[in-house]
Amino acid sequence: MQINTYIAGSSLYHRFDVRAKIIFTILMCIVVFFDMPLYVHYALTLLITLLSLTTVKLKVTLHNIKLMLPVTIFMVLFMPLQERGGSALLSYKSFTIITTEGLNIVLVLISRFYFISMICTLLLESSTSRDILLALKSFHLPDSFCMVLSLALRFIPSFASTFTRIKDSQRLRLPNPDEEGEKKSFTKLIPTFTSALVVALKSINTTAAALDLRGYGRSKNKAEFYTLEGGKKLFTHLAISIIIPAIFLITLEALHG
Amino acid sequence: MLKVDNLSFSYTVYESTSNRVLFDNVSFECRENENILILGRPEKGKSTLSMILSGLTPKYNDGNLTGSVTYDSLSCEEALERMNIFSLVPQNATDFIITSTVEEEVVFPMQSLCLDREEMKKRLDEALSFWGLNRYRNISTSELSGGEKRRLMLATSDVVYSKYNILDEAFDDLDVSYRKKLSDRLKERKRATVVFASHYLNCFDSVFDKVYILDGTLALADNSSIEEFSKIEHVVFENKLSSDELIVKNLTFTHPHRSVLEEEPFKIKVDNFSLKRGEVITLRGLNGSGKSTFSSILCGLYEKDSGEIIYRSKSLKKKELSRIVGYMFQNPDFQIFLPTAYDELAFALDYLKLSSKEKERRVTELLKLFRLNGDDVASLMSYGERKRLQCAIYYSLNRPFYILDELDSALDYEESIRLIKLLSANGAGILLITHDEAFADAITNHGYYIENGVMYAN
């Protein structure tokens, strides 16, 4: 899941009520764990990709996919070693690298991981953090939990952009930034991580001070300025958010039957 | 009345850092509807004093505090609890922003005050309108420029309707029009205000009932001491101008806002810009006008959409620019990561593959030149020391050109001028970004001005 800042847009998914989107996201994350043929996983992968393309466009979709690559590669390399059932597909001398069953499981895991990451990322990219928090409050989640989430949604993206700035600053302090700075290796990232850690640690006290100054925790019954719309639109969106996963489950049942 | 009685403060001493007794015996009073100005050079404790007055230090920053601060006989802690007794506009706006959008940031303290919705809306509209933030209502706070963040802090302070106002370097980062707005507002004397500043600005005239100077202790200032404090002599750089020139022609750059669909994308247009080696020029402009963006293009961080950047008759690519132009970021912490100042400077020289003896000699020279102690823990040094360390690192890079982003906001005039002289002594061309007109005029009468993304020769 990519915790990113909200990306403004006017797509259908942007206009979908955030409460319905949260329910839809949770339900679909559960559905994807049901036992289903591989082609159904592929269909889900395709559908979520189409949703992403219509919501946040190609550039952002590709960026989100790129961020998933390291974990995906890790799964491809190591998961087949766990599952040894079925016939050998690829082997080296007497050692079986991957079996049919192993390949099947890897493909299922990758598509599940992809689907869950994309649908959660889309929730955050198509809804403002304010709306997400209001929705969570309307589900009667504790205020302190919502505050922690609010800070996470505020600081993680801004910290990500600070991290990028630090990386650029570190590169620019090298005598030949275009050569040395471009070499990507773990040791080259250590200065960036160190500076980023120091900057993050230094901001902890200031953030606590800022919350205190702004009166966080003063009153149990804090006034609310923002509200979410209700009415027919909400009912329709909630219905859609439940009906789609339900249809999916019913179809799966029929396929198994 | 805000009463400060015999305040003394020192930071908790860590091994290898020098003892930091910031001030001793600080006493003053600020009556209702009175305006007080406290001047102090960088690192004299202005921000610390503002945090003490707000009850946030030593609560959130380790230190030894003696003396007392009361607001209408209430202690600082009691006043902080009430929220509408005083408000603080901090120097570091970025770290004090806790929500995602401009509107939410201003609404947050009003929600804590349990105001009704109509009252919140009224105060919100007034504050955003006054500080020119209406069009940024739903923009992510991370997309704001430094000056816009400062105005956001001012708006957030306004809506609380507090009786006492503490403004720490609030005039910094503001352009001329907003400085005037703020000083006109202070002249109305609707609240008691304590302003902390490191420079005496023209817009301060007739605003303050009392002026103090903070330098180890607090002393009431008269006109002659203010004049002495603000003295800045016109600087003559005796560098030889080279024919080597960095030229920008017909440059354009567009950057859309991610968080708001309706807002026009931000555009920069520079028809002509040039900077010779050995020359010192300034770049001025309103908040959010594009100074930092232009600088980022010039040093190869951003890719321009069109146009050319030429050096020695060659049109430079983004990667080549990073070798030619050194951009000294406003925040030195982005580039400091090693344990000591010595380690930082040695790291900068590592890539030159010098012998260990030569490297040690050069590091010692740099430490002396920039008045640094090699054993000091880099991340625990004062802000001014970290800025000098950053300068020393860039000095060792020996770039043909440097961009100095708001150098004078961290250092006093004398130190800023000394560092500029050091960097330009090797024949480097300097582009100085500053809001301080007196400082800019003292440095040079040649420069550029950027307005709504369009650059003009000054």
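How are α4(B) and α6(B) oriented to each other? Helix α4 (residues 102–112) of chain B and helix α6 (residues 146–158) of chain B cross at roughly 30 degrees, and they are therefore roughly parallel to each other, since angles under 35 degrees count as such. Welcome to this structure, which is a predicted model. The points below begin with chain A, then turn to helix packing and some local details of chain B.

**Chain A as a whole**

- Chain A contains eight helices and two strands.
- Following the sequence of chain A, the elements come in the order α-α-α-β-β-α-α-α-α-α.
- The C-alpha trace of chain A spans about 65 × 65 × 30 Å along its principal axes.
- Chain A has 257 residues, and 42% of them count as buried.
- Take the contacts in chain A between residues at least 6 apart in sequence: 73% of these join residues at least 24 apart.

**Transmembrane annotation in chain A**

- An unreviewed UniProt entry lists "transmembrane region" for residues 22–53, 65–82, 102–124, 145–166 and 234–255 of chain A.
- One of these listed spans is residues 22–53 of chain A; in the model this span is 81% helix and 0% strand, and its end C-alpha atoms lie 19 Å apart.
- Another listed span is residues 102–124 of chain A; here the chain is 100% helix and 0% strand, with 33 Å between the end C-alpha atoms.

**Helices α4 and α6 of chain B**

- Two packed helices are described by the angle between their axes and the distance between the axes.
- For the pair from the opening question, the axes of α4(B) and α6(B) come within 8 Å.
- The crossing of α4(B) past α6(B) is right-handed.
- On the α4(B) side, the contact is made by B:V102, B:E105, B:V106 and B:P109; on the α6(B) side, it is made by B:L152, B:M153, B:A155 and B:T156.
- Sorted by class, the residues of this contact between α4(B) and α6(B) are six nonpolar, one polar and one charged.

**Helices α11 and α13 of chain B**

- A second packed pair is formed by helix α11 (residues 341–350) of chain B and helix α13 (residues 383–397) of chain B, with an angle of about 20 degrees and axes 9 Å apart.
- That angle makes α11(B) roughly parallel to α13(B).
- The crossing of α11(B) past α13(B) is right-handed.
- From α11(B), the contact involves B:A341, B:E344, B:L345, B:A348 and B:L349; from α13(B), it involves B:L389, B:A392, B:I393 and B:S396.
- The contact of α11(B) with α13(B) is made up of seven nonpolar, one polar and one charged residues.

**Helices α8 and α9 of chain B**

- Helix α9 (residues 291–298) of chain B is mostly covered, as seven of its eight residues are buried.
- The buried residues in α9(B) are B:K291, B:T293, B:F294, B:S295, B:S296, B:I297 and B:L298.
- After α9(B) comes B:G300, which has a positive phi near 85 degrees.
- Helix α8 (residues 223–230) of chain B holds B:S225, which counts as partly exposed at 24% relative accessibility.
- B:S225 and B:K59 are 166 residues apart in sequence, and their C-alpha atoms are 34 Å apart in space.

**Backbone details in the loops of chain B**

- Most residues other than glycine have a negative phi, and most peptide bonds are trans. The next points pick out some exceptions.
- B:T57 and B:P58 are joined by a cis peptide bond, with omega about 5 degrees. B:P58 sits in the loop between α1 (46–53) and β4 (63–71) of chain B.
- B:Y161 is not a glycine, yet its phi is positive, about 55 degrees. This residue is in the loop between α6 and β7 (164–168) of chain B, and B:Y161 counts as partly exposed because its relative accessibility is 41%.
- B:S313 is another residue other than glycine with a positive phi, near 65 degrees. The loop that holds B:S313 runs between β14 (306–311) and β15 (314–315) of chain B. With a relative accessible area of 75%, B:S313 is exposed.

Key. Residues are numbered from 1 along each chain as its sequence is written. Chains are lettered from A and ligands numbered from 1 in the order in which they are written. This is a predicted model: local features need pLDDT of at least 70, side-chain atom pairs count only at pLDDT 80 or more; totals for chains, interfaces and linings use all residues. Side-chain values use heavy atoms; hydrogens and water are left out. Axes are lines fitted to C-alpha atoms, for helices over the stretch in contact, and angles run from 0 to 180 degrees between N-to-C directions. Helices (H or I, at least four residues) and strands (E, at least two) are DSSP runs, numbered from the N terminus. Angles under 35 degrees count as roughly parallel, over 145 as roughly antiparallel, 65 to 115 as roughly perpendicular and the rest as oblique. A crossing is left-handed if the near helix is turned anticlockwise from the far one by less than a right angle, and right-handed if clockwise. Contact means heavy atoms within 4.5 Å. Ala, Val, Leu, Ile, Met, Phe, Trp, Tyr, Cys and Pro count as nonpolar, Asp, Glu, Lys and Arg as charged, and the others, Gly among them, as polar. UniProt positions are given in the numbering used here, feature names are shortened, and annotations may be inferred rather than shown by experiment. Buried means under 20% relative accessible area, exposed over 50%, partly exposed in between (1.4 Å probe, protein chains only).
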